[in-house]
Each structure stands twice: as C-alpha cells, then as structure tokens.
Amino acid sequence: MVQRVNALVGALNGAKRTNEALANCSNGEQMLDVLLDASAKLGLGLSREELANTPPIRDWVWWKNKEAVFTIGDAKPRYQQDTQQPKRFLGLF
C-alpha cells in the first residue's frame, strides 16, 4: 500500500490540473476526493482510508484541515499547548 501511495505522489509531480484541483480544495475531504479520482485513473486502487492514514497524503490533509496529526496531554494540538504554557527557565548550573 505504501508503494501505491508513493506511486500516486510521484504521478502528481507535474500533473498541473490535479495540483490545481488540490490547491482549490477548501478542506481535506475534498482533497481526498481528488486523490481518489487520481488513484482510480492510475489503477492504484487506493481507498479513502488508506489515503487519509498514509504519509505524506495524511499530512497534506492535516495541513488543509489545520488539525494536528496527534495530540499530547489534554488533547490540545501540540502547537496550541506550546503557545499556552508559560516558559520555564531550565538552568544549566
């Protein structure tokens, strides 16, 4: 499955119409629709779930949705935790 995702990513390089369609998507679900169509046209047979859970496509969808891939602590995305926690001085001596 990873090889098929890599083949799809490679095919997207230079695919102007597909890249424009991906750029015009308003969210990750629309991106997955475009990628599923591209996968079908290439005969790769990737499922929506495979695309949504396999890097780098998983990361593209995350970026489009502006959601964290994983969370730490109290279920806040890591970048939000970092901005809300007070800075601590860790002395070297």
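This briefing covers model confidence, the nonpolar core and selected local features of one chain. The model is predicted, and its mean pLDDT over the chain is 78, with 71% of the residues scoring at least 70. Helix α3 has the highest mean pLDDT among the elements of the chain, at 94, and α6 the lowest, at 47.

**Nonpolar core**
- The largest nonpolar core comprises 15 residues; those touching the most other members are Leu8, Leu22, Leu32, Leu35, Leu46, Leu51 and Ile57.
- At least two residues of this core come from each of α1 (2-12), α3 (28-42) and α5 (57-65).
- Helix α3 supplies the largest share of this core, namely five residues.
- Beyond four places in sequence, Leu32 touches Arg48, Leu51, Ala52, Ile57 and Val61.

**A buried serine in α3**
- Ser39 lies in helix α3.
- Its relative accessible area is 1%, so Ser39 counts as buried, the cut-off being under 20%.
- When neighbours within four places in sequence are left aside, the contacts of Ser39 are Leu8, Leu44, Gly45 and Leu46.

**A cis peptide bond**
- The Pro55 to Pro56 peptide bond is cis, its omega being near 0°.
- Pro56 is placed in the loop between α4 (48-53) and α5.

**Low-confidence region**
- Across residues 77-89 the pLDDT remains under 50, and the model has 11 contacts beyond four places in sequence for these residues.
- Helix α6, with the lowest mean pLDDT among the elements, spans residues 78-84.
- Predicted coordinates should not be read in detail where pLDDT is low.

Technical notes. Residues numbered from 1 in each chain as written. Predicted model: local features only at pLDDT ≥ 70, side-chain atom pairs only at ≥ 80, totals over all residues. Heavy atoms only, no water. Core = buried A, V, L, I, M, F, W, Y, C linked by side-chain atoms within 4.5 Å. Buried < 20%, exposed > 50% of the residue type's maximum accessible area, 1.4 Å probe, protein only. Helix = DSSP H or I, 4+ residues; strand = E, 2+ residues; numbered from the N terminus. Contact = heavy atoms within 4.5 Å. pLDDT = per-residue confidence, 0-100.
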